[in-house]
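Please look over the structure below before reading on. The notes that follow are grouped by topic.

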Amino acid sequence: MDKYTLFPTISTTFIVISAILVAIGWNLAIKRKLDQHKKVMIAAAIAAVIFFIIYSSRTIIVGNTEWGGPDNLKPYYLTFLIFHIVLATVAAGFGITTLVLGFNSKFAKHRKWGRVTSVIWFFTAITGVAVYILLYMMYPGGHTKPMIDAIFG
């Protein structure tokens, strides 16, 4: 593994960990083990923040990897990538809102938001892993460059 794939691998791992912890936390909430639910969901949020720090740092310092696959698949990949980015942005906003509602003891709203947030987060994690597989496993070889160039270049 080289320096260009190390950080994406680590950050993707943290997203998977976060999604697994959300699933565990959701199960704990259903079982009404609320103290454990809170701890696991905080851990899930921390894993997501670690992902974001690694991803952001890599994007700022190194750049993003451009599509390395066949040109005829690039429009489909870009559509999928934009879907993932929008989903991740929505999930982050919903996640922060859900956490704040829980910490402020607004549990009825927290439960409603939490169900939706969790599902969006699962789709975000799945599409994030798919982007990783496409960029680093199926079609490796794209050059690393600044984010705007990688998306629109």
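A residue counts as buried under 20% relative accessible area, as exposed over 50%, and as partly exposed in between. This is a predicted model. Of the 153 residues in the protein, 36% are buried. The secondary structure comes to 5 helices and 2 strands.

**Overall layout**

- From the N terminus on, the order of elements is α-α-β-α-α-β-α.
- Taken along the principal axes, the C-alpha atoms fill a box of roughly 50 × 25 × 25 Å.
- The exposed area of the protein is about 9,300 Å². Carbon and sulfur atoms supply 72% of that area.
- Take the contacts between residues at least 6 apart in sequence: 75% of them join residues at least 24 apart.

**Nonpolar cores**

- Which residues form the largest nonpolar core? Its 11 members are Ile 15, Ala 19, Val 22, Met 41, Ala 44, Ala 48, Leu 87, Ala 91, Ile 120, Trp 121 and Ala 125.
- Four helices feed this core: α1 (3–30), α2, α3 (74–103) and α4 (107–138). Each supplies at least two residues.
- Apart from this core lies another, of 9 residues. Tyr 77, Leu 81, Leu 134 and Leu 135 are among them.
- Within the largest core, Ala 125 touches Ile 15 and Ala 19, leaving out residues up to four places away in sequence.

**Helix α1: Leu 28**

- Leu 28 is found in helix α1.
- Is Leu 28 buried or exposed? Its relative accessible area is 12%, so Leu 28 is buried.
- Leu 28 touches Lys 33, Gln 36, His 37 and Val 40, not counting residues up to four places away in sequence. Of these partners, His 37 and Val 40 are listed among the buried residues of α2.
- Leu 28 and Leu 87 are 59 residues apart in sequence. Their C-alpha atoms are 25 Å apart in space.

**Helix α2 and the patch at its end**

- Helix α2 covers residues 34–61. It has 28 residues.
- From first C-alpha to last, α2 reaches 40 Å, close to the 40 Å expected at 1.5 Å a residue.
- The buried residues of α2 are His 37, Val 40, Met 41, Ala 44, Ala 47, Ala 48, Ile 54, Ser 56, Arg 58 and Thr 59. Met 41, Ala 44 and Ala 48 also belong to the largest core.
- Ile 61 lies in α2. Its relative accessibility is 71%, so Ile 61 counts as exposed.
- Tyr 4, Ile 60, Ile 61 and Val 62 make a nonpolar surface patch of about 440 Å².
- Just after α2, Gly 63 takes a positive phi of about 110 degrees.

**Helix α3**

- How far apart are the end C-alpha atoms of α3? They are 43 Å apart. The 30 residues of α3 should span 44 Å at 1.5 Å a residue, so the two values agree.
- Its buried residues are Tyr 77, Leu 78, Leu 81, His 84, Leu 87, Ala 91, Gly 95, Thr 98, Leu 101 and Gly 102.
- Leu 87 and Ala 91 sit in the largest core, whereas Tyr 77 and Leu 81 belong to the other one.
- Just after α3, Ser 105 takes a positive phi of about 60 degrees.

**Helix α4: three residues**

- Thr 124 is found in α4. Thr 124 is buried because its relative accessible area is 4%, and the limit for buried is under 20%.
- Neighbours within four places in sequence aside, Thr 124 is in contact with His 84, Leu 87, Ala 88 and Ala 91.
- Trp 113 is also in α4. With a relative accessible area of 31%, Trp 113 is partly exposed.
- Trp 113 touches Phe 94, Thr 97, Thr 98 and Leu 101, not counting residues up to four places away in sequence. Thr 98 and Leu 101 are among the buried residues of α3.
- Trp 113 and Gly 95 are 18 residues apart in sequence, and 8.5 Å apart C-alpha to C-alpha.
- Val 119 has its place in α4. Its relative accessibility is 35%, so Val 119 counts as partly exposed.
- Val 119 and Met 137 are 18 residues apart along the chain, and their C-alpha atoms are separated by 26 Å.

Key. Residues numbered from 1 in each chain as written. Predicted model: local features only at pLDDT ≥ 70, side-chain atom pairs only at ≥ 80, totals over all residues. Heavy atoms only, no water. Patch = residues over 30% accessible without salt bridge, like charges linked within 9 Å, V, L, I, M, F, W, Y side chains within 5 Å. Areas by Shrake-Rupley, 256 points an atom, 1.4 Å probe, with all protein chains shown as cover. Salt bridge = Lys/Arg side-chain N within 4 Å of Asp/Glu carboxyl O. Buried < 20%, exposed > 50% of the residue type's maximum accessible area, 1.4 Å probe, protein only. Core = buried A, V, L, I, M, F, W, Y, C linked by side-chain atoms within 4.5 Å. Contact = heavy atoms within 4.5 Å. Expected span 1.5 Å × (residues − 1).
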